[in-house]
Amino acid sequence: MRLVIPTKIQENLDIKEEENKEEKIPHNAEIVKETIMRYVNVDNIGEAIAIVDEVPMIVPRGKFDFQFLKNLLKIHGNSFDYKINYKNMSRAFMLPKPDGIHIAFIISLISPLKQGKTSYPYLVFQIKNNQQKKIELNLPEDEEEKKKILKSDIDKEISGQLYDILAKLVKSLIGIRIVIPSTFKR
């Protein structure tokens with residue numbers, strides 16, 4: 001999508017430039033950007049509560065870094081960055097793959113991610129069974145602020161299998177239930 005913003009038209013441009021050499025007049029594009037940023041409120045997203053690095057994904061394909069913020073999930077990859085509001089996530093599934101080595105962790109999205117003409121209604125992670133991680137959460141000390149952020153209790157430091165850590169973060173920060181088959185042993 002392209003947005004064309006015309007430049008400001010000023011009468012007697014030469015005279016005004018000489019009078020206002022030190023005072024810079026903002027360009028229309030800067031004014032539009034500031035207005036949009038005020039309404040979107042992207043600058044005030046805050047610090048990341050949890051950061052999970054290099055998570056392998058099948059859909060969209062690649063390794064991505066995840067930042068769990070108060071109200072959104074930032075996904076950063078080599079080519080693309082995504083910001084997904086927690087309200088856009090409806091369900092999560094944890095499924096063992098038939099090879100016995102990998103676990104598929106799937107998050108269903110209400111409105112799909114778009115990358116060009118391709119849309120992704122699901123985020124699909126493929127995590128090895130024995131992939132260990134240790135993550136320290138950046139939670140506020142005040143209990144009332146913690147209750148505003150968390151949907152369920154979680155420890156300040158999480159360690160263990162990567163798929164288990166992601167499941168705990170999704171359950172406590174996003175607040176969606178994770179469907180697990182009855183035959184799956186954690």
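This is a tour of a predicted model, with a list of what to select at each stop.

**Stop 1: the sheet**

Begin with the strands. Eight of them, or 8 strands, form an open sheet, and their order is E4-E3-E2-E1-E7-E6-E5-E10. The pairing in this sheet is mixed. Select E4 and then strand E10 (178-179), which stand at the edges. Each of these two has a single partner strand, so one side of each is left without a neighbour in the sheet.

Now select E6 and E7. In which sense do E6 and E7 pair, and over how many bridges? The pairing is antiparallel and runs over 10 bridges. For one position to look at, pick Ala104, which stands opposite Gln126 in E7.

**Stop 2: the nonpolar core**

The largest nonpolar core has 44 residues. Select Phe66, Phe68, Phe105, Ile107, Phe125 and Leu169, the members that touch the most other members. Several elements supply at least two residues each to this core, among them strand E1 (50-59), strand E2 (62-68), strand E3 (72-76) and strand E4 (81-85). Strand E5 (89-96), strand E6 (102-115), strand E7 (118-128) and helix H4 (162-174) also each supply at least two. Which element gives the most to this core? That is H4, with 9 residues.

Stay in the core and select Phe66. Leaving out its neighbours within four places in sequence, Phe66 is in contact with Ala50, Ile51, Val52, Val55 and Met57, and also with Leu73, Lys74, Ile75 and Phe125. The last of these, Phe125, is the next thing to select.

**Stop 3: the aromatic rings**

There are 4 aromatic pairs in the structure. In one of them, the ring centres of Phe66 and Phe125 lie 5.3 Å apart with the planes at 50 degrees, so the pair is tilted. Phe66 belongs to strand E2 and Phe125 to strand E7, so this pair ties together parts that are 59 residues apart in sequence. Are these two residues buried or exposed? Both Phe66 and Phe125 are buried.

Keep Phe125 selected and add Phe105. The ring centres of Phe105 and Phe125 are 5.6 Å apart and the planes are at 40 degrees, so this pair is tilted. The pair links distant parts of the chain, with Phe105 in strand E6 and Phe125 in strand E7, 20 residues apart. Phe105 and Phe125 are both buried.

Then clear the selection and pick Phe64, Phe80 and Tyr82, which form one aromatic cluster.

**Stop 4: helix H4**

Select Ser172, which is found in helix H4. Ser172 counts as buried because its relative accessibility is 1%, and the cut-off for buried is under 20%. Which backbone oxygen does the side chain of Ser172 reach? It is the backbone oxygen of Lys168, at 2.9 Å. Not counting residues up to four places away in sequence, Ser172 touches Ile149, Leu150, Lys151, Ser152, Asp153 and Ile154.

Move to Lys168 itself. Lys168 forms a salt bridge with Asp164, and the closest N and O atoms are 3.9 Å apart. Both residues of this salt bridge, Asp164 and Lys168, lie in helix H4, 4 residues apart, which is about one turn of the helix. Lys168 is partly exposed, with a relative accessible area of 37%.

**Stop 5: the other salt bridges**

Side chains of opposite charge can pair when their charged atoms come close. The structure holds 4 salt bridges. Select Glu157 and Lys134, whose side chains meet in one of them at 3.3 Å, N to O. Glu157 lies in strand E9 (residues 157-161) and Lys134 in strand E8 (residues 132-136), so the pair ties together parts that are 23 residues apart in sequence. Glu157 counts as partly exposed at 41% relative accessibility, whereas Lys134 is exposed, with a relative accessible area of 61%.

Finish with Glu143 and Lys146. Their side chains meet in a salt bridge at 3.7 Å, N to O. Glu143 and Lys146 are 3 residues apart in helix H3 (residues 143-149), so they are separated by about one helical turn. At 47% relative accessibility, Glu143 is partly exposed. Lys146 is also partly exposed, with a relative accessible area of 22%.

How values were computed:
Residues are numbered from 1 along each chain as its sequence is written. This is a predicted model: local features need pLDDT of at least 70, side-chain atom pairs count only at pLDDT 80 or more; totals for chains, interfaces and linings use all residues. Side-chain values use heavy atoms; hydrogens and water are left out. A nonpolar core is a set of buried Ala, Val, Leu, Ile, Met, Phe, Trp, Tyr and Cys residues joined through side-chain atoms within 4.5 Å. Buried means under 20% relative accessible area, exposed over 50%, partly exposed in between (1.4 Å probe, protein chains only). Contact means heavy atoms within 4.5 Å. A polar contact is a pair of N or O atoms within 3.5 Å; within protein, one must be able to donate a hydrogen and the other to accept it, and residues adjacent in sequence count only if both atoms are side-chain atoms. Two strands pair if DSSP finds at least two bridges between them. Rings of Phe, Tyr and Trp (its six-membered ring) pair if their centres lie within 6.5 Å; planes under 30 degrees apart count as stacked, over 60 as edge-to-face and the rest as tilted.
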